[in-house]
Amino acid sequence: MIQITDKSQCCGCTACASICAHDAITMQPDALGFLYPVVDKGKCVDCGLCEKVCAFNDHYDTSLNLDKPLAYAARHKDMKEVETSRSGAAFIAISDYILEQGGVVYGVGYTDHFRVVHKRATTKEGRDEFKGSKYVQSDLTGVFRQVKKDLKDGFTVLFSGTPCQTAGLHSYVGKKLRANLILVDIVCHGVPGPYLWRDYLAYLEKKQGDKICWVNFRDKQEFGWRAHKETFKFVNGGGKMSFTYLFYQHIMFRHSCGVCPYTNTKRPSDITIADFWGWEKTDPNINADDKGVSLVLVNTEKGREIFDVIKDRMTVIPARLEDCLQPNLKHPSPENVHRTKFEKAYKKYGFKYVYYRYGNVGPIYKLRQMKLFIKKKLKFR
Ligand SMILES: Cc1cc2nc3c(=O)[nH]c(=O)nc-3n(C[C@H](O)[C@H](O)[C@H](O)COP(=O)(O)OP(=O)(O)OC[C@H]3O[C@@H](n4cnc5c(N)ncnc54)[C@H](O)[C@@H]3O)c2cc1C
Ligand code: SF4
Ligand code: SF4
Ligand code: SF4
């Protein structure tokens, strides 16, 4: 049976909990809200399936992959879609097609006051909630089993998520059902803990004395494609408030992100989508207005078939793979050296303490900035 002794070896994909026919595994949160499998030994019959299904290792299945992904710069032809998506709206182009064929789309949305979860959509209106990156690990509880049910019921299913989620789902559904499952992953630098996001919202609401009714993790329309700032709307506040994202330093990532096996071009998906940083080398015009452009990697034959059908919905320019290799296609984001201290402090003193200790507010942050400034000055003397 699965036993997590080293937290960095579990990405929380839920494949083990989903496959256990005896419902012996539940996913339980740690101090930051990351879910880990816990086995009820009374229910376990030692069948070993949970260990077998786990794909979070260097031997994940790449048997469907092309020798090398086909790379493209891509932007949706409808600028309204580009403006409301994170990058160039490649996800909309792909998912529109699946929905038009009567398929089902899974992606990341919200439940109970902006808790980040995977959801199922059968209409474009429902799917639109998945637009935009939510920089928190999504809760997948019950989702893999629902995907399997949809596949068994004969639906074509598009599942979008982080590479560790698509790898887990690929392993869980098995070869036969994989035929009607289209996996779309993102290039992923890591995921912050759900409880920090929950507490961050509560902190902002307390400060404002009002309830948040709308969030955007990275508001491109307000700040542009490159900026990393959230935007919130409060119920009575009228306008918007924006804050530089607190935890931009990888300090609240899941431990597994520091050793992620998927940070390369052997992707556990049919199609990979990302921000196309360095797009200028491929085409100087495609993002001249800086409204965002997608990197699309076509990884499997099935991915190629789908991309061939949908590519007319976008402006598409072939790219050289070497020109697309952003850091998380080469190596995992290194874990912040203060990660363990951070978690201990959060557990002991709560959110506000770590926000002021490690965030971009308060005297400690100002001191750190001053030190950096002096260091830079000395370097250039
Ligand atoms: C946690 C995270 C880390 C990322 N890291 C990078 C990076 O290092 N480099 C890079 O180029 N791009 C990164 N991205 C991807 C990028 O921000 C865009 O999501 C991607 O380019 C798709 O843009 P789009 O315009 O095609 O789609 P959009 O319409 O913006 O769709 C967003 C897609 O992302 C999925 N998604 C949103 N939030 C989550 C989540 N929490 N977990 C899993 N899936 C989610 C949705 O289901 C949907 O498929 C990251 C995204 C997330 C969520
Ligand atoms: S990585 Fe997924 S399958 Fe493996 S132990 Fe963690 S939750 Fe279970
Ligand atoms: S060994 Fe089998 S029964 Fe036990 S937890 Fe794993 S899948 Fe369930
Ligand atoms: S960095 Fe790797 S382990 Fe972390 S969420 Fe992304 S895909 Fe999963």
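Colleague: Let me start with a turn: what do β4 and β5 form, and which residue in the turn has a positive phi?

Modeller: β4 and β5 form a hairpin, with three residues between the two strands. The turn residue to look at is His113, whose phi is positive, at about 55 degrees. Keep in mind that this is a predicted model. His113 is a residue other than glycine, and its place is the loop between β4 and β5.

Colleague: Is His113 buried, exposed or partly exposed?

Modeller: Burial can be read by counting the C-beta atoms around a residue: 20 or more within 10 Å make it buried, 12 or fewer make it exposed, and values in between make it partly exposed. His113 has 13 other C-beta atoms within 10 Å, so it is partly exposed.

Colleague: In which sense do β4 and β5 pair, and over how many bridges?

Modeller: They pair in the antiparallel sense, over seven bridges. To find the register on screen, look for Val108, which stands opposite His118 in β5.

Colleague: And how does β4 pair with β6?

Modeller: There the sense is parallel: β4 (residues 104–111) and β6 (residues 157–161) are joined over three bridges. Val104 has Val157 as its bridge partner in β6.

Colleague: How should I read the whole sheet: how many strands are there, and in what order?

Modeller: Follow the strands from partner to partner. This is an open sheet of eight strands with mixed pairing, and the order is β5-β4-β6-β7-β11-β12-β3-β13. The edges are held by β5 (115–121) and β13 (314–319); each has a single partner strand, so one side of each has no neighbour in the sheet. From one strand to the next, the twist averages 30 degrees.

Colleague: Which strands does helix α10 lie across?

Modeller: Helix α10 (residues 301–310) lies across β3 (65–76), β7 (181–186), β11 (271–275) and β12 (294–300). Its direction makes an angle of about 130 degrees with β12.

Colleague: Now the interior. Which residues have the most contacts inside the largest nonpolar core?

Modeller: The general idea first: in soluble globular proteins, nonpolar side chains tend to be buried together. Here the largest nonpolar core has 93 residues, and Cys16, Ile94 and Val296 have the most contacts inside it. Helix α4 (residues 90–100) gives the most to this core, with six residues.

Colleague: What does Ile94 touch?

Modeller: Setting aside residues up to four places away in sequence, Ile94 touches Leu158, Val184, Ile271, Ile306 and Ile310.

Colleague: Which loop holds Ala89, and is Ala89 buried or exposed?

Modeller: Ala89 lies in the loop between α3 (79–84) and α4. With 29 other C-beta atoms within 10 Å, Ala89 is buried. Its backbone is worth a look too, since phi is positive, at about 65 degrees, although Ala89 is not a glycine.

Colleague: What is in contact with Gly161?

Modeller: Gly161 is in strand β6, and it counts as buried because it has 25 C-beta neighbours inside 10 Å. Apart from neighbours within four places in sequence, the contacts of Gly161 are Val108, His118, Thr166 and Asp185. The C-alpha atoms of Gly161 and Thr272 are separated by 9.8 Å, with the two residues 111 apart along the chain.

Colleague: Is Glu322 buried or exposed?

Modeller: Glu322 counts as exposed, because it has 8 C-beta neighbours inside 10 Å. Look for Glu322 in the loop between β13 and α11 (339–349).

Colleague: Let us turn to the ligands. How many residues surround ligand 1, and which are the closest?

Modeller: There are 33 residues around ligand 1, and the closest are Ser85, Arg86, Gly107, Ser160 and Ala274. The elements giving two or more residues to this shell are α4, β4, β6 and β11. By residue class, the shell divides into 15 nonpolar, 14 polar and four charged.

Colleague: Which residues come nearest to ligand 3?

Modeller: Of the 15 residues around ligand 3, Met1, Cys20, Cys44, Cys47 and Cys50 come nearest. This shell has 12 nonpolar residues, two polar and one charged.

Colleague: And what surrounds ligand 4?

Modeller: Among the residues around ligand 4 are Cys11, Cys164, Cys188, Cys257 and Cys260, along with Arg254 and Tyr262. The shell of ligand 4 divides into eight nonpolar, three polar and one charged.

Conventions: Residues are numbered from 1 along each chain as its sequence is written. Chains are lettered from A and ligands numbered from 1 in the order in which they are written. This is a predicted model: local features need pLDDT of at least 70, side-chain atom pairs count only at pLDDT 80 or more; totals for chains, interfaces and linings use all residues. A nonpolar core is a set of buried Ala, Val, Leu, Ile, Met, Phe, Trp, Tyr and Cys residues joined through C-beta atoms within 7 Å. Helices (H or I, at least four residues) and strands (E, at least two) are DSSP runs, numbered from the N terminus. Two residues are in contact if their C-beta atoms, placed from the backbone, lie within 7 Å. Two strands pair if DSSP finds at least two bridges between them. Axes are lines fitted to C-alpha atoms, for helices over the stretch in contact, and angles run from 0 to 180 degrees between N-to-C directions. A residue is near a molecule or strand if its C-beta atom, placed from the backbone, lies within 6 Å of it. Ala, Val, Leu, Ile, Met, Phe, Trp, Tyr, Cys and Pro count as nonpolar, Asp, Glu, Lys and Arg as charged, and the others, Gly among them, as polar.
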